[in-house]
Amino acid sequence: MTENASDGPSPYDHVRSEDGSLPDGIYRVVGVGADDVTLLFVADAAGSRVHDGRVFTVSHEQYTDLPAAPNPDDDGLFRRWGLVALAGVLFAVSLSSTATETLGVSQSFIRTVVILLIALDVVDKLR
């Protein structure tokens, strides 16, 4: 992400529209021409990811008026690795019959939870 949209557009830069010239939200630069910039609508005004394929073309002058924005696809550390880390800890616990007896659950139950956590993580990454 460029610090300021006025630095000039580059593919994969992100900008925000809040002034009504475009629907409010976050846009990714997907093309730069001699006279215009092509933007893909990637998140709504709240920053929630949108997959609707809407593309807009603005002039370089209009582009410089748009403030830089964060990439809505960047995940925090917990979101990226949290479920996998939890699954790893639970799997380690499931290897110890003493630990599972202390917790009052079966090893197979914990391993089923591990599989579900990994499946949730994969689904989250693919959406």
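**Exercise 1. Identify the salt bridges of this predicted model and classify the accessibility of the residues involved.**

*Solution.*
Step 1. The side chains of Glu18 and Arg16 form a salt bridge, with an N to O distance of 3.7 Å. This distance satisfies the criterion, because a salt bridge requires a Lys or Arg side-chain nitrogen within 4 Å of a carboxyl oxygen of Asp or Glu.

Step 2. The relative accessible area of Glu18 is 56%, so Glu18 is exposed. Arg16, by contrast, is among the buried residues of strand β1.

Step 3. A salt bridge also links Arg54 to Asp52, where the closest N and O atoms are 2.8 Å apart. Arg54 has a relative accessible area of 34% and is therefore partly exposed. Asp52 is likewise partly exposed, at 38%.

Step 4. The structure holds two salt bridges, and the pairs found above are Glu18 with Arg16 and Arg54 with Asp52. As general background, side chains of opposite charge can pair when their charged atoms come close.

**Exercise 2. Describe the order of the secondary structure elements and the antiparallel pairing of β1 with β2 and of β3 with β4.**

*Solution.*
Step 1. The chain contains four helices and four strands. Along the sequence, their order is β-β-β-β-α-α-α-α.

Step 2. Strands β1 and β2 are antiparallel and share four bridges. One of the residues involved is His14, whose bridge partner in β2 is Arg28.

Step 3. Strands β3 and β4 also run antiparallel, joined by five bridges. Here Val37 has Val58 in β4 as its bridge partner.

**Exercise 3. Determine which faces of strands β1 and β4 are covered.**

*Solution.*
Step 1. In β1 (residues 14-17), one side carries His14 and Arg16, and the other carries Val15 and Ser17. These residues are all buried, and both faces of β1 are covered.

Step 2. In β4, the covered face holds Phe56 and Val58. Val55, Thr57 and Ser59 lie on the uncovered face of β4.

Step 3. The segment before β1 contains Tyr12. The phi angle of Tyr12 is near 80 degrees, a positive value in a residue other than glycine. With a relative accessible area of 48%, Tyr12 is partly exposed; this classification follows because exposed residues must be over 50%.

**Exercise 4. List the residues of the largest nonpolar core and state which elements give two or more residues to this core.**

*Solution.*
Step 1. The largest nonpolar core comprises 12 residues: Val15, Leu22, Tyr27, Val29, Val37, Leu39, Phe41, Val50, Phe56, Val58, Tyr63 and Leu66.

Step 2. Two or more residues come from each of β2 (25-32), β3 (36-43) and β4 (55-59). The greatest contribution is that of β3, with three residues.

Step 3. Tyr27 illustrates the surroundings of a core member. Beyond four places away in sequence, Tyr27 touches Asp13, His14, Val15, Ser17, Leu22, Leu39, Leu40, Phe41, Val42 and Phe56.

Step 4. In general terms, nonpolar side chains tend to be buried together in soluble globular proteins.

**Exercise 5. Relate Val84 to Asp121 in sequence and in space, and characterise the surface patch that includes Val122.**

*Solution.*
Step 1. Val84 belongs to helix α2 (residues 77-94), and Asp121 belongs to helix α4.

Step 2. The two residues, Val84 and Asp121, are 37 residues apart in sequence, with a C-alpha to C-alpha distance of 7.1 Å.

Step 3. Val84 is partly exposed, at 35% relative accessibility. Asp121 is buried, because its relative accessible area is 9% and buried means under 20%.

Step 4. Val122 also lies in α4 (residues 107-126) and is partly exposed, at 43% relative accessibility. Together with Ile118 and Leu126, Val122 forms a nonpolar surface patch with about 300 Å² of accessible area.

**Exercise 6. Summarise burial, contacts and accessible area for the chain.**

*Solution.*
Step 1. Of the 127 residues in the chain, 28% are buried.

Step 2. Among contacts with a separation of 6 or more, 42% are between residues 24 or more positions apart.

Step 3. The chain exposes about 7800 Å², of which carbon and sulfur atoms supply 60%.

Methods: Residues numbered from 1 in each chain as written. Predicted model: local features only at pLDDT ≥ 70, side-chain atom pairs only at ≥ 80, totals over all residues. Heavy atoms only, no water. Core = buried A, V, L, I, M, F, W, Y, C linked by side-chain atoms within 4.5 Å. Buried < 20%, exposed > 50% of the residue type's maximum accessible area, 1.4 Å probe, protein only. Contact = heavy atoms within 4.5 Å. Patch = residues over 30% accessible without salt bridge, like charges linked within 9 Å, V, L, I, M, F, W, Y side chains within 5 Å. Areas by Shrake-Rupley, 256 points an atom, 1.4 Å probe, with all protein chains shown as cover. Pairing = 2+ DSSP bridges.
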